[in-house]
Amino acid sequence: MTQLDVPENARRSGPSSPALFGRQDEIRRLDELIGSARGGQGGALVLRGEPGIGKSALLRHVREAASGFEVMLASGAEFEMELPFAALHQLCAPVLSHLSALPGPHRKVLDIAFGLDTGTPDPFLVGVATLGLLAEAAGESPLLCVVDDAQWLDRDSAKALAFLARRVAAEPVAVVFALRRSSPLPELEELPSLAVDGLTEADARALLAAEIRAPLDERVRDRILAEARGNPLALLELPRSAGMAAMAGGFALPEASSPSDKIERSFQARLASLPAETRLLLAIAAAEPIGDPRLVWRAAELLDLDVTAAGPAEAAALAEFGTRIRFCHPLARSAAYRTADLAVRRKIHHALAAATDPAADPDRLAWHRAQASAGPDEDVAAELEQSATRAQARGGVAAAAAFLERAAALSLDPDRRIERVLAAAQAKLQAGALDVAAELLTSVAAGSLNRRQGARVGLLHGRISFARHRGAGDAPTYLLRAAQELADVDVKWSRACYLDALEMGIIIGHVGDAMGAIVDAARSAPPAPQPPDSADVVLDALVSLATDGHRAAVPVLRPIVVDVDNEVWIRRPSLGSLLSVELWDFDAYFDIAARVVEAGRESGSHLTLSIGLAMLATASAHAGDLRTAIELISEGDAIADVTGAAPLIYPRLHLVALRGRRKEAVELIEAATTANPMTLSAHWATAVLSNGLADYPAALVAARQAVENGELATSGLTLPELIEAAVRCGEREPAATALAALAERTSASGAAWGLGVEAYCRALVTDDEGAYREALTHLEGSRAAVYRGRAHLLYGEWLRRQGRRRDAREQLRIAHELFSGMGVEAFARRAAGELRATGEHARSRSSRAGEGLTMQEAHIARLVASGETSKEVAARLFLSPRTVDAHLRNIFGKLGITSRRQLRDLPAIQ
């Protein structure tokens with residue numbers, strides 16, 4: 001059954017409250033949600049349906065069913081969509097007294113989001129803080145969060161609320177959203193949903209009979225039922241707009257159209273019957289989205305209206321004027337605003353601007369002034385620009401874009417208009433509104449742009465293209481055009497654009513002719529100003545690397561690559577990581593990754609942090625610290641989950657390849673090659689896995705595929721795999737060719753990692769025992785522990801084949817202990833097999849305490865073992881403290897322990 005979507009005061013004034021018809025399934029789902037939350041297991045539900053279908057009535061039902069709950073309400077507003085965190089603030093208002101219980105950073109981020117402090121909050125950190133706030137409030141009573149008209153949520157609130165809804169499973173919190181089916185909200189797509197469809201004919205007849213007690217012509221009844229299509233609000237609004245007398249006599253209804261259109265026309269007809277003063281008051285209320293009666297009555301007074309104008313609106317059940325002004329339905333608000341002509345709307349916004357406190361709410365003031373403007377107004381445009389700056393500082397990128405877009409439309413000065421359009425396009429790009437950003441750029445006539453502005457247009461086109469199509473080839477082209485535009489205007493900017501084009505080309509996998517075209521263009525970059533900065537040096541060195549080879553470029557690149565705090569790597573961390581691998585410098589590789597993680601944590605940028613975590617997880621895997629790699633991957637997955645981004649897959653590829661579990665690795669590699677642009681990394685992973693498993697033919701095929709592609713870093717990293725596989729398959733010539741390519745890289749760099757790997761590869765090709773010893777010397781102090789283990793393994797295998805069993809056992813024993821301790825299982829089994837061939841059985845490895853744990857459980861166990869509290873772990877992994885405690889119970893059960901102290905005492909967890 002369903003209640004009707006009519007206001008509370010209208011239902012109370014009727015002869016009886018409306019009945020509930022035909023919603024047994026919906027009510028059951030909502031009651032189950034409330035029952036689970038009452039028992040401590042929270043959840044969320046999204047009600048989807050067309051306007052008037054009964055979503056708001058179901059929300060009323062769930063509020064009535066939630067006895068003993070703290071009920072928190074919010075509603076999206078069409079005219080408030082661009083104001084950051086507006087809906088979230090509305091929802092959290094009843095529980096803000098619990099803010100003091102939150103950790104300092106969480107308390108501060110909510111203060112910033114709600115305009116009580118200055119700064120730039122991350123929407124997902126706001127989500128974490130909101131989860132903590134509700135968890136504190138839920139300690140007193142269970143919570144019901146009801147969000148109506150979710151299709152009109154501001155974007156930042158939508159992200160935070162979606163995050164919250166996904167993570168309340170361990171809290172006594174129920175979250176219910178209602179939104180139009182025709183206006184999906186991407187942030188809510190993964191939540192459990194329930195389609196609210198039209199009533200059956202029998203239920204529709206019963207509802208009509210219960211609500212319309214006057215005689216009704218049967219033909220008219222059938223027509224109403226047919227045109228309403230089971231929409232409850234339409235069932236009431238259609239006869240109301242026609243009039244009962246006419247209907248009883250067989251009134252001919254309009255031609256069929258959608259129920260939404262009919263409902264809005266019905267509201268328009270009801271508005272037309274009201275006094276002019278009442279229509280004007282309703283239009284003012286519709287233009288003031290938060291329903292603040294003080295603002296509405298202040299504006300009404302400026303337009304010579306008094307309180308008596310509200311009476312007819314309430315009598316017509318269109319709106320309720322109380323502590324908050326509420327329309328009976330969003331379509332009623334829309335009709336009230338749109339039936340006022342343009343001149344009247346401008347008068348309304350002018351009055352609302354005059355009624356708004358400029359100190360307390362300068363942004364809404366600027367917005368109303370903009371809506372009141374009949375033409376260009378530079379003063380208002382300047383105010384909107386200031387509002388955009390404030391919105392950006394609060395994390396409201398979408399709001400900033402909206403302010404700037406309107407500012408551009410009101411600009412008198414042509415050059416200022418172009419600057420504002422470009423700023424709006426940049427903000428739209430940051431907000432993810434790629435189509436709108438591109439459309440804004442097309443509104444700028446190319447002939448009216450100066451060289452700098454033309455370059456900015458090219459840069460924005462390139463970044464939009466890259467954001468839309470990660471593997472597309474035109475993004476670097478736009479950057480190259482921008483670089484060429486700036487060549488004789490701003491040399492520094494031009495050269496930065498060339499470097500960005502090269503980096504983007506490398507990242508998206510440009511190889512061969514495509515990368516050659518980018519290099520050729522970059523070669524024409526204007527000379528660097530003297531003295532050159534690091535970015536200038538890197539640009540020239542990358543061109544030299546592509547054209548003259550490693551011996552020419554590496555001596556120039558290496559001093560900057562090892563300077564891990566250099567600003568060029570803070571801005572371009574991926575390029576720094578790739579170049580450190582290309583130079584076979586493990587210390588730089590590891591330290592750049594650690595620096596990026598540090599920068600991401602300090603800045604609060606999830607994008608920077610996720611990149612850094614992936615880099616550091618990969619470096620940790622190669623260092624043999626697989627447990628830390630798992631921990632970092634788990635944290636990266638948590639960030640991807642809350643941001644809605646796809647997790648970065650390459651650290652997992654490196655982890656599974658080195659760990660050497662065939663089934664796990666093959667499944668991930670297949671996924672990487674079919675669903676992700678990670679083919680080269682997958683080939684490298686296949687080569688390493690296959691070499692570990694002693695499947696040398698498969699390793700050779702995969703290694704050739706990776707090396708022949710020629711991608712920076714990946715192809716160089718694969719050369720040792722190709723050499724080992726080729727030697728084992730008896731293909732000496734390809735092995736020698738690959739060795740020469742590897743030696744060019746490692747000798748130019750002179751880093752211990754590269755020199756050690758090149759030495760044991762040279763030993764494989766030449767059977768030179770001295771090269772094996774040289775490899776061990778270079779790798780002895782290196783953090784690249786996996787490669788040290790492989791040097792011992794290869795040397796031990798060579799010694800066994802030479803018949804020197806005693807010497808072989810020593811090397812193989814070291815290799816087995818290294819690999820076993822690291823969890824590098826395939827190579828450990830290979831070492832154990834070689835030991836058996838010498839007549840010695842490898843010492844069995846005791847089972848590791850954390851082996852049965854999932855990645856997330858292992859991460860939580862290590863954090864708790866290090867002394868972090870449940871609240872601290874929850875904040876780090878974007879979970880609620882109760883969820884962390886639930887994971888801990890599972891961890892204790894799997895490990896056979898009962899306390900945190902015992903967890904700290906497990907050496908395999910620490």
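The questions and answers below concern a predicted model, and they go from its sheet to its cores and then to single residues.

Q: In what order do the five strands of the open sheet stand?
A: The five strands of this predicted model's open sheet are paired in the parallel sense, and neighbouring strands are turned by 15° against each other on average, direction ignored. Read across the sheet, the order is S2-S3-S4-S1-S5.

Q: Which strands stand at the edges of the sheet, each with a single partner strand?
A: A strand at the edge has one side left without a neighbour in the sheet, because a single strand is its partner. In the order S2-S3-S4-S1-S5, the strands in this position are S2 (70-75) and S5 (193-195).

Q: How many bridges join strand S1 to S5?
A: Strand S1 covers residues 43-49 and runs parallel to S5, and within this pairing Leu 47 stands opposite Leu 194 of S5. The number of bridges that join S1 to S5 is three.

Q: Which helix packs on the sheet with a direction that makes about 170° with that of S3?
A: Helix H2 (residues 24-38) packs on the sheet and touches S1, S3, S4 and S5, but its direction makes about 150° with that of S4. Another helix, formed by residues 55-65, touches S1, S2, S3 and S4, and the angle of about 170° with S3 belongs to this helix, H3.

Q: How many bridges pair S1 and S4?
A: The two strands run in the parallel sense, and Arg 48 stands opposite Leu 179 in S4. Their pairing extends over a number of bridges that comes to seven.

Q: Through which helix does the chain cross from S3 to S4?
A: S3 and S4 run parallel and are joined by five bridges, with Val 176 in S4 as the bridge partner of Val 146. The β-α-β crossover from S3 to S4 is right-handed, and the helix it passes through, residues 155-166, is H7.

Q: How many residues of S4 are buried?
A: In a regular strand the side chains alternate between the two faces of the sheet. In S4, Val 173, Val 175, Phe 177 and Leu 179 are buried on one side, while Ala 174, Val 176, Ala 178 and Arg 180 are buried on the other. With both faces covered, the count of buried residues in S4 is eight of eight.

Q: Which helix gives the largest share of the largest nonpolar core?
A: The largest nonpolar core has 174 residues, of which Leu 134, Phe 177, Val 538 and Tyr 760 touch the most other members. The largest share of this core is nine residues, and these come from helix H42 (residues 785-801).

Q: Is Arg 572 buried or exposed?
A: Arg 572 is placed in the loop between helix H29 (567-571) and helix H30 (573-582). Leaving aside neighbours within four places in sequence, Arg 572 is in contact with Ala 496, Leu 499, Asp 500, Glu 503 and Ala 535. The relative accessible area of Arg 572 is 3%, and since the cut-off is under 20%, Arg 572 counts as buried.

Q: How far apart in space are Gln 371 and Arg 406, C-alpha to C-alpha?
A: Gln 371 lies in helix H18 (residues 362-372) and, at 25% relative accessibility, counts as partly exposed. Beyond four places in sequence, Gln 371 touches Arg 346, His 349 and Arg 406. Gln 371 and Arg 406 are 35 residues apart in sequence, and their C-alpha distance in space is 9.0 Å.

Definitions and conventions
Residues are numbered from 1 along each chain as its sequence is written. This is a predicted model: local features need pLDDT of at least 70, side-chain atom pairs count only at pLDDT 80 or more; totals for chains, interfaces and linings use all residues. Side-chain values use heavy atoms; hydrogens and water are left out. Helices (H or I, at least four residues) and strands (E, at least two) are DSSP runs, numbered from the N terminus. Buried means under 20% relative accessible area, exposed over 50%, partly exposed in between (1.4 Å probe, protein chains only). Contact means heavy atoms within 4.5 Å. A nonpolar core is a set of buried Ala, Val, Leu, Ile, Met, Phe, Trp, Tyr and Cys residues joined through side-chain atoms within 4.5 Å. Two strands pair if DSSP finds at least two bridges between them. Axes are lines fitted to C-alpha atoms, for helices over the stretch in contact, and angles run from 0 to 180 degrees between N-to-C directions. A crossover is right-handed if, with the strands pointing away from the viewer, the path from the first strand over the helix to the second runs clockwise.
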